[in-house]
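This report covers charged and aromatic side chains in one protein model, together with one enclosed helix. The sequence and structure follow.

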Amino acid sequence: MKKNNIQRIITLWVAPLLLVVSISAQSPDTRKSSSTRQAAIGLMKLNSPRLAVDTTMNASQMAAWRGEMSDAMRKLMKHPEKETAAPRKIGEAQREGYRIERWQSYPLPGATVNFYVLIPDGVSAEKPARGGVLCIPGFGQTKELVAGEKEGVYDLSAGADTTVHQGSMARHFVKTGLVAVAVDNPSFGELSDNGVADYLNTSRILLEEDWSYLGLASWQDKVILDWLKRQPYLDKEKIIVSGFSLGTEPLMVLGLLDNDIFAFVYNDFLCRTRERIFVVDKPDENGKRPFPNSIEHLIPGFLKEFDFPDIVAALAPRPLICTEGGLDRDFGIVQTAYMKSGAPEAFTYHHYQKYENPENRKMLNATELPGNLNPKEYFDLTNVDSPRHYFKTEHIMPWLEIVLGDDDD
């Protein structure tokens, strides 16, 4: 029999067998579920974050990794490259122990973003403040709350709010001798649309424009932060960014993009966002699973690059305080990064009071939490006492004095 005929016979017999083997090998995976959601989750699990922190890195490798993190964040945020017009002061008023100024910034063509600057009495270019702090509020909060002003009164005419709110972080900071800046998040407060917080609509439009809510928020804050760094009446070496809840997201962006920032106040619990998506998936009585994140948190490609603990770890070696706990597992990652960066003492963290005692909190060290959780079960497992979510002055103010040091030094 000719050689070519032998090869044809082998091909006719072997090829179908190979096809059967191939289908059989694929069948267990492809037939697991017909749920598109499960397929999407499977895809996300395949795409582990490219820049997830490697705790075995040495100091030089960690420095190079931080550079890669910064480059990736810059690409994701897509900040405009054009210079903006300089902010302009449009009003001021005297308060007890400090002066409050109202300023306008112009981050985008046709857009005005107002902010407040609180300046301690006696501060000037000749006698500068001990530093400055950019205060970024949480979801639904306003710069008026943060500055201790009357809600809905933007021209400073109504006087300071007589109630000192826990969330009035700028007023807390100015009382310590810092220049404090209070901003709005996009679509809230003075940036709302006809008085309506239209963040969902805004986020959708921004995504259609290949941008994101966080890209815009961090850009607005960056324009104001760059302005603050140029002011002659404060110590430019002591610029702090303080974020509460939603405000921790622009904080993380600014932290990776701006090496001039001296220190960070991270007032929220620390979690792995990817893991939260995977495990908070218990269906309700109608079979509907919890929605993992609302649209203002979405940045295409973000979780393919890194997760929150990676970003927080990349803030090393600059001083950082986290105030509302999470899993010790994740704080261990951050602690290692600070140790490898030569500044283990620069990182401080606290748990909610309910979980401050190690005997009262979950010490989970697994790669992933167990699945099939509802939001409350997730918070319980990650040591989060959500009703006690507030700006933790009891931790932040003592830490601040240690970080800033003695003014006479």
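How many aromatic pairs does the structure hold? In this predicted model, the number of aromatic pairs is 16.

**Aromatic pairs**

Two of these pairs share Trp103. The ring centres of Trp103 and Phe115 are 6.4 Å apart and the planes stand at 20°, so the pair is stacked. Trp103 belongs to strand β2 (residues 98-106) and Phe115 to strand β3 (residues 113-120), with their positions 12 residues apart in sequence. Both of these residues, Trp103 and Phe115, are buried.

Trp103 also pairs with Trp227: here the centres are 4.7 Å apart and the planes are at 55°, so the pair is tilted. Because Trp103 is in strand β2 and Trp227 in helix α7, this pair ties together parts that are 124 residues apart in sequence. Trp227 is buried, as is Trp103. Elsewhere, Phe331, Tyr338, Phe347 and Tyr349 form a cluster linked by ring pairs.

**Salt bridges**

The whole structure contains 25 salt bridges. Three of them are listed here.

| Pair | N to O distance | Separation in sequence |
|---|---|---|
| Glu305 and Arg50 | 2.8 Å | 255 residues |
| Glu377 and Lys282 | 2.9 Å | 95 residues |
| Lys392 and Glu324 | 2.3 Å | 68 residues |

Glu305 sits in helix α10 (residues 302-305), and its partner Arg50 is in the loop between α2 (36-46) and α3 (59-77). Glu305 counts as buried at 18% relative accessibility, whereas Arg50 is exposed, at 51%.

In the second pair, Glu377 is part of helix α13 (residues 375-381) and Lys282 is in the loop between α9 (273-279) and α10. Glu377 is partly exposed, with 29% relative accessibility, and Lys282 is also partly exposed, with 26%.

Lys392 and Glu324 both lie in loops: Lys392 between α13 and α14 (393-404), Glu324 between β8 (320-322) and α12 (328-340). Lys392 is buried at a relative accessible area of 4%, and Glu324 is buried at 0%. Lys392 has a further partner in Tyr390: the charged end of Lys392 sits over the Tyr390 ring, 3.8 Å from its centre. A like arrangement places the charged end of Lys45 over the ring of Phe278, 5.2 Å from the ring centre.

Salt bridges also join Arg102, Lys143, Glu144, Asp184 and Glu190 in a network.

**A buried aspartate without a salt bridge**

Which side chain of opposite charge is nearest to Asp198? That side chain is Arg204, 13 Å away, and Asp198 is buried with no salt bridge. Because a salt bridge requires the nitrogen and oxygen to be within 4 Å, Arg204 does not qualify as a partner for Asp198. Asp198 is placed in the loop between β5 (179-182) and α6 (199-208). Beyond its neighbours within four places in sequence, Asp198 is in contact with Ser187, Leu191, Ser192 and Asp193.

**Helix α8**

Why is helix α8 (residues 248-257) described as largely enclosed by the rest of the structure? The reason is that 10 of its 10 residues are buried. Among them are Glu249, Met252 and Gly255. The elements covering the buried residues of α8 include three helices, α3, α7 (213-229) and α11 (308-313), along with the strands β4 (132-136), β6 (239-244) and β7 (263-267).

Notes: Residues numbered from 1 in each chain as written. Predicted model: local features only at pLDDT ≥ 70, side-chain atom pairs only at ≥ 80, totals over all residues. Heavy atoms only, no water. Helix = DSSP H or I, 4+ residues; strand = E, 2+ residues; numbered from the N terminus. Buried < 20%, exposed > 50% of the residue type's maximum accessible area, 1.4 Å probe, protein only. Lys, Arg positive; Asp, Glu negative; His and termini not counted. Contact = heavy atoms within 4.5 Å. Phe/Tyr/Trp six-rings, centres within 6.5 Å; stacked < 30°, edge-to-face > 60°. Lys NZ or Arg CZ within 6 Å of the ring centre and 35° of its normal.
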